[in-house]
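Student: I would like to work through this model by asking about its parts one at a time, with the reasoning spelled out for each.

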Amino acid sequence: MKHACKMNTVVLKSFNDRLKIATVSALMAGTFLCVPFTVYAESPSVSGIEQTVRNITVKGVVVDAGGEPVIGASVQLKGAAGVGTITDVDGKFTLPVPANGVLQISYIGYKTTEVRVNGQAGLKVTLQEDTETLDEVVVVGYGIQKKASVTGSVAAISSDKLMEVKAPSVTNMLAGRLPGLRAVQRSGSPGDDGASVDIRGYGSMLVIVDGIERDYTQLDPNDIESISILKDAAAAVYGFKGSNGVLLVTTKKGTEQKVKIEYNGYVGFQKVTRYPEMMNAYEYASLYNEAIHNANPWRGASAYSQEQLEAYRNGTAGTDWWSETMRSTAPQTSHNLSLTGGTEKVKYYMSIGYMDQGGIIRSGDWNYQRYNVRSNLSVEVAKGLNVELRLSGRFDNRKKPYNGDNLFRSAQMAIPTYSMYANDNPDYWGAVGDMANPVHVSDSDDSGYEDRLRREFNSSLAITWQLPWVKGLMAKALVAYDYTNKEWKTWRKDLSEYTYDYANEEYIEKVVNTAHLESKLENYDKPTYQFSMNYNNTFAKKHNIGAMLVWEMYNDKKNWVTGTRDFAIGLIPDLDYGDKTNQEASGKTQETAHAGLVGRLNYDFSNRYLVEFNFRYDGTYKFRAGNRWGFFPGVSLGWRVSEEAFFKKLLPDMDNLKIRASYAKVGDEGDFDAFQYLDGYTSHGSYIMGSNGVTSGMTTVGMANPWLTWYESKIMNIGFEASYHRGLISVEFDWFRRNRSGLPATRVGSLPTIFGESMPQENLNSDINTGFEIVVGHKNRIGNFNYNVSANFSTTRIKYDYVERAASTNMYDDWRNNTNGRYKDIRWGKKVIGQFTSFEEILNSPVQDKDGNRSLMPGDLKFEDYNGDGIIDDNDTQPLGHGATPRMYYGLNMSGEYKGFDLTVFFQGAAGHDIYVSGDILDPFIQQGLGNGLAIMTDRWHREDPTDPYSKWIPGYMPAARVAGVADNRSGNSWSLHNANYLRLKTLELGYTLPKVLTKKAAIDRVRFYINCNNLLT
């Protein structure tokens, strides 16, 4: 995981007849760079010399629509920073202002009101409730709905909140922001640092960008207007692909306004938050000597002399491979320039973006660059007839040294007593152990490279017609075409390293790699067609009806070809220059087809009683004709209790209380292989037939299954939303459950082994997913201080319902291996009850090394004899903890504004998961003695004098060192299982907006400076 701090500038501006440009530089203290930026400013519409006007003292009162006083309302003189006051407990205020001044009165939950003084000494101001929160729309399947009328479980985040986190991948900006959305980032590699994201633990979710299924991970976040997730029956309109939930991304589009240019950019640095510290040369050599004596206390001979140890101690010999290979920080920069505006007839949004993310290797050869372009155009060609054209493109290039993923392992393995160069001669790279010299292979000029290019083009054309003869009826046709081209080029160069033979004074070559090239090309294209009818109308002012019918069809086609060749002379990385001997080529074409009919009917009475019915009639290419189509319905209900007359009298300050519930049955084609209903043959292997040499062969595809069909998900959700005193306190809660049946499985274990055919997939398995989510919010204004606090928490558990398996052979087998009715993500291993403290304790304990415990030493792990048979083996394995995926996710967002200053603090965390730190990383020396080891190994059980077998044992945290380690010490057990719960300071942003009274004089509309830090504390 990496954290990054960036200094940013945001420029928002409308053009007038003339344009002035001011260039401003800001220098921030600390590690932040000086970043120049340009501010575009509108020419002042009024010029001349201000005239002196007389001041008067205005006394007024601020009340709400019911005549009640509004306490703590802000009263400010417009255009004069610092001139203002707040209302008292009676809603009253007193303020000296110019006689021709304008007062701005605002309070949380009310619309800001402007009042001209006009020489009046007494004013009464009535504030109107701001119903924007309830009137705002959210994106749902194939359309939008008012938030107040939504009956499904839908969560959304707007562009400004999304942009509080600065990250190359949109996936990392979502963690902790939306209840029910789970994001786990497992890599910080440039271009490959996206998080794994799902909804409620359901699995791979459907992603829709501007109405079309597309990738969203490398969108320019500056282009995103909002992101919504559909978590229950609301996702059913997307059919089988929506069974795991749906993430909807809406990009920005033009609005009716003057031309506006917006620039958003930052230059920052990334840094590894923490990394396991390896032993230095002295620690390694000392421990290696000790490990030799531990293995043979009486006859062991030290590998390193006292003179060598002293040289390693004082730093005149040895190499810090991590520092030599990696740098402490890596640059990251992002820039986006957009143009938006429009008239009543034509609206447009255009942008271009650039992202450059560097890696932490010193060579600078690991990096990622991305270019994004977008154009969203909407034209009203005739009254009621609109045409919308959306075009976007992306080019990205990820470069890294050959086999770069192993660089970190190489830096860990490199023995610190070795030099970078053989005999300290820079002409000969030194061999440093079992793996390649990490500094050598980190340079692409020496080792080769792995390049990945991606070119993507997305387009859609939509025509919308408001039918004039039927009020509220709209027809829409949408055609989209997406194309992606990918290229991979993996070039492995000839690579040799050396050791120096001092006796013969010669360099001994060790060939690490020989030249080899793999080149792959992939093309993907996907046309999508949607034809829909939408109807919305209100009858008798109380009956609101909405209906939608959509026919959608799409197919995608992917083809790829790969070629590989070895090179006798590895100079030119093109296949034509390689050897034909052992050359390989392969390729494949894949094509899919799907179609569906979607329907939705909404009704609400007086915005109180809400009902929605939806369905999807889905078709897939995978199943035979009789099972190819499935009908999947859903229904949701809502009751806005806060709109009832009795409730308004009982709790007049409760703005919103809505209870909702939903149920849907959704089909899914899942991971079923296509065409399993057909008998047939497939190419398989090669055979020698007579004297004709090798001939390609064929084999059957296995037993056909004509009954294979969709598996089904039954999704239930019950929740409520509540808001008190215009958002002073808000709460949202959801409980959910998903039952899946008909999951794919084969009867391999439940049929006799003499059965000669390979078995097809069948609809056999089932599971259950349950959990809940809660969001609590608070916003308020105290004088000039506005603040907002929002916290969310979600948890989910998944249980196997039925798992196809062979019958248990005994009670232990049933307990250990039968997962039916059990929760997923259970860690198994041996329980550690301590560490041996003496040889006497070792000899009197159950045997755990299959050799009478003769290989054990003080400090080795002591395991529980779980079954009490006096032997420690696999039969002593027991449940120890949870899996590696968190069961609980939580986030806390706090923001505030005060007189131009603004602060955002966002915490994000996860809990309910464990990780094993096991394997050879727990040996004193990695890979059983072939590499370096963790510095924590220096805190180990050891003799006071390692060369004296009778010396006193000194306790430590790690077991006693042996060169090859001990298998049981590195196994999966409770000692190596660690709680992985975390809470990180995901975002810290501090900003300051210059007062308009200053910027106006310089003809600048708005100037804001801010710094942003990600993953600052973890």
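**Helix H4 and its surroundings**

Student: Since this is a predicted model, let us begin at the start of H4: which backbone nitrogen does a side-chain oxygen of asparagine 280 reach?

Tutor: The contact lies at the start of H4, where the side chain of asparagine 280 supplies the oxygen. That oxygen comes to within 3.1 Å of its partner, the backbone nitrogen of tyrosine 282.

Student: How far apart are the end C-alpha atoms of helix H4, and what span should its 15 residues have?

Tutor: Helix H4 covers residues 281-295, and at 1.5 Å a residue the expected span is 21 Å. The distance in the model agrees with this expectation, because the end C-alpha atoms of H4 are likewise separated by 21 Å.

Student: Is H4 largely enclosed by the rest of the structure or largely open, and how many of its residues are buried?

Tutor: The buried residues of H4 include Ala281, Tyr284, Leu287, Glu290 and His293. Their cover includes helix H5 (306-314), helix H13 (926-929), strand E48 (942-943) and strand E49 (953-954). H4 is therefore largely enclosed by the rest of the structure, the number of its buried residues being eleven of 15.

Student: How are H4 and H5 oriented relative to each other, roughly parallel or roughly antiparallel?

Tutor: The two helices pack with their axes 7 Å apart and at an angle of about 150 degrees. Since an angle over 145 degrees counts as roughly antiparallel, the orientation of H4 relative to H5 is roughly antiparallel.

Student: Which residues of H5 make the contact with H4?

Tutor: On the H4 side, the contact is made by Ala281, Tyr282, Ala285, Ser286 and Asn289. Facing them from H5 are Leu309, Tyr312 and Arg313.

**Salt bridges**

Student: With which residue does arginine 313 form a salt bridge, and how are the two placed in helix H5?

Tutor: Arginine 313 is exposed, as its relative accessible area is 52%, whereas its partner counts as partly exposed at 40%. The two are three residues apart in H5, which means that about one helical turn separates them. The closest N and O atoms of the pair are 3.4 Å apart, and the partner is glutamate 310.

Student: Turning to aspartate 210, what is the N to O distance in its salt bridge with arginine 374?

Tutor: Both arginine 374 and aspartate 210 are buried, the aspartate because its relative accessibility is 12%. Their side chains meet in a salt bridge with an N to O distance of 3.8 Å.

Student: How many residues apart along the chain are arginine 374 and aspartate 210?

Tutor: Arginine 374 belongs to strand E23 (residues 367-382), while aspartate 210 sits in the loop between strand E16 (206-209) and strand E17 (212-213). The pair thus links distant parts of the chain, and the separation is 164 residues.

Student: Which arginine, with closest N and O atoms 3.2 Å apart, also forms a salt bridge with aspartate 210?

Tutor: This partner lies in strand E24 (residues 385-401), 180 residues away from aspartate 210, so that this pair too links distant parts of the chain. With a relative accessible area of 11%, the partner is buried. The residue is arginine 390.

**Strand E24 and three loops**

Student: Which side chain is joined to that of arginine 394 by a polar contact of 3.0 Å?

Tutor: Arginine 394 lies in strand E24 and counts as buried, because its relative accessibility is 8%. Leaving out residues up to four places away in sequence, arginine 394 touches several residues, among them Asp215, Tyr371 and Arg455. The polar contact joins the side chain of arginine 394 to that of aspartate 396.

Student: What is the separation between the C-alpha atoms of alanine 195 and glutamine 185?

Tutor: Alanine 195 is in the loop between strand E14 (181-184) and strand E15 (196-199), and it counts as buried at 13% relative accessibility. Although alanine 195 and glutamine 185 are ten residues apart along the chain, their C-alpha atoms are separated by 4.0 Å.

Student: What is notable about phi of asparagine 403, and what is its value?

Tutor: Most residues other than glycine have a negative phi. Asparagine 403, in the loop between E24 and helix H7 (407-413), is partly exposed, with a relative accessible area of 37%. Its phi is positive in a residue other than glycine, with a value near 55 degrees.

How values were computed:
Residues are numbered from 1 along each chain as its sequence is written. This is a predicted model: local features need pLDDT of at least 70, side-chain atom pairs count only at pLDDT 80 or more; totals for chains, interfaces and linings use all residues. Side-chain values use heavy atoms; hydrogens and water are left out. Helices (H or I, at least four residues) and strands (E, at least two) are DSSP runs, numbered from the N terminus. The expected span of a helix is 1.5 Å times one less than its number of residues. Buried means under 20% relative accessible area, exposed over 50%, partly exposed in between (1.4 Å probe, protein chains only). Contact means heavy atoms within 4.5 Å. A polar contact is a pair of N or O atoms within 3.5 Å; within protein, one must be able to donate a hydrogen and the other to accept it, and residues adjacent in sequence count only if both atoms are side-chain atoms. A salt bridge is a side-chain nitrogen of Lys or Arg within 4 Å of a carboxyl oxygen of Asp or Glu. Axes are lines fitted to C-alpha atoms, for helices over the stretch in contact, and angles run from 0 to 180 degrees between N-to-C directions. Angles under 35 degrees count as roughly parallel, over 145 as roughly antiparallel, 65 to 115 as roughly perpendicular and the rest as oblique.
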